[in-house]
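Student: Could you zoom in on one spot in this model for me? Once I've got my bearings there, I'd like to hear how other parts of the chain look by comparison.

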Amino acid sequence: MERYRARIGLVHAVVNVSNKIWAFIDEIFEVTILYNMTQQLTLRLTHTETHVELILTLGYAKCDRIERIELWDSLYAMTSDMTVPWLVGGDFNVIWDEEEKFGGLPVSLIEVDDFRHYINTCNLTDLGFKGSIFTWWNGRSEEDCIFKRLDRCFGNHELQQTFPGLELKKLKKALSTWSRATYGDIFQKIASLEEVVLVHERNFEVNPTQMNRQRLQQVQAEMIKYLALEEEF
């Protein structure tokens, strides 16, 4: 974890008890751990100059519906005295509605209802997304192919008032700056390949044939090669 923290160039690094949730925070924030649980990590971030406070909850939910209730209950317990901006994000291992799944077994409406009930009860609003609606793929093609949207970010009313028009791009921007300064032309090649991979991913989502899967795997392999060069630098 320390190796990744140093490469990203951020001062604070926090990991939860299950070692599945990692948080890297800039030095401009003071960090206090509020909850460190199997399915969530909640931090209080205080800006050292403006003294604006933000509560950040990062989640990695269990696959089992019953086990996820522990996560939902922990979020609900935090809601009663939440009066500051609250950002909740992560992999919740459940979709919001049927449009967020392609392929596989029928959607479990009980799981969807659980998710919606707890998020609405916590007075959280989906902050939206850009790009493909799907964030997870099972790696298979044609009739065995499954896509889902499992990752998302929510915010409370105070968050949207304090940070109007919030877009979650800061980490991507920081990583891009670090890569450009360090790797030069390799970064440019990777950036180009990222766009090519996105195109092939979209093609495969629309038409998950064996041929489209092979094309996607080819460009992914090319990108892995350049990422390995970046790693060796």
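Tutor: Let's start at Trp 136, which is partly exposed, with a relative accessible area of 35% (buried is under 20% relative accessible area, exposed is over 50% and partly exposed is in between, using a 1.4 Å probe and protein chains only). Keep in mind that this is a predicted model, where local features need pLDDT of at least 70, side-chain atom pairs count only at pLDDT 80 or more, and totals for chains, interfaces and linings use all residues. Residues are numbered from 1 along each chain as its sequence is written, and side-chain values use heavy atoms, with hydrogens and water left out.

Trp 136 sits in strand E9, residues 136-137 (helices, H or I with at least four residues, and strands, E with at least two, are DSSP runs numbered from the N terminus). Setting aside residues up to four places away in sequence, Trp 136 touches Ile 146, Phe 147, Lys 148 and Leu 150, where contact means heavy atoms within 4.5 Å. There's a longer hop too: Asp 91 is 45 residues from Trp 136 along the chain, yet their C-alpha atoms are separated by 9.7 Å.

Phe 147 and Lys 148 lead us to another residue, since they also turn up among the contacts of Glu 100. Glu 100 lies in the loop between strand E6 (86-91) and strand E7 (101-102). You might picture a loop glutamate out in solvent, but Glu 100 has 5% relative accessibility, so it counts as buried. What else does Glu 100 touch, not counting residues up to four places away in sequence? Its other partners are Ile 95, Ile 133, Phe 134, Arg 149 and Arg 152.

Now over to the helices. The axes of H2 (residues 65-79) and H3 (residues 109-121) come within 9 Å and cross at roughly 10°; axes here are lines fitted to C-alpha atoms, for helices over the stretch in contact, and angles run from 0 to 180 degrees between N-to-C directions. That crossing makes H2 roughly parallel to H3 (under 35 degrees is roughly parallel, over 145 roughly antiparallel, 65 to 115 roughly perpendicular and the rest oblique). On the H2 side, the residues that meet H3 are Arg 65, Arg 68, Ile 69, Trp 72, Asp 73, Tyr 76 and Thr 79. H3 brings Ile 110, Glu 111, Asp 114, Phe 115, Tyr 118 and Thr 121 to that meeting. By type, the residues of this contact divide into six nonpolar, two polar and five charged (nonpolar covers Ala, Val, Leu, Ile, Met, Phe, Trp, Tyr, Cys and Pro; charged covers Asp, Glu, Lys and Arg; the others, Gly among them, are polar).

Cys 122 follows in the loop between H3 and E8. Cys 122 is buried, at 2% relative accessibility. Leaving out neighbours within four places in sequence, Cys 122 is in contact with Leu 75, Tyr 76, Thr 79 and Trp 86. The C-alpha atoms of Cys 122 and Leu 75 are separated by 7.1 Å, although their positions lie 47 residues apart along the chain. If you're wondering about cysteines, Cys 145 also counts as buried, at 2% relative accessibility, whereas Cys 153 is partly exposed, with a relative accessible area of 21%. The structure holds zero disulfides, a disulfide being a pair of cysteine sulfur atoms within 2.5 Å.

Some backbone oddities deserve a look as well. Most residues other than glycine have a negative phi. Asn 123, however, has a positive phi near 60°; this residue is in the loop between H3 and strand E8 (125-126) and is exposed, with a relative accessible area of 54%. Asn 19 has a positive phi of about 60° too. Asn 19 is found in the loop between strand E1 (12-15) and strand E2 (22-25), and with a relative accessible area of 49% it is partly exposed.

Further along, Gln 220 belongs to helix H7, residues 210-232. Gln 220 is partly exposed at 26% relative accessibility and touches Val 197 and Glu 201, not counting residues up to four places away in sequence.

Finally, zoom back out: the chain has seven helices and 11 strands, and 35% of its 233 residues count as buried.
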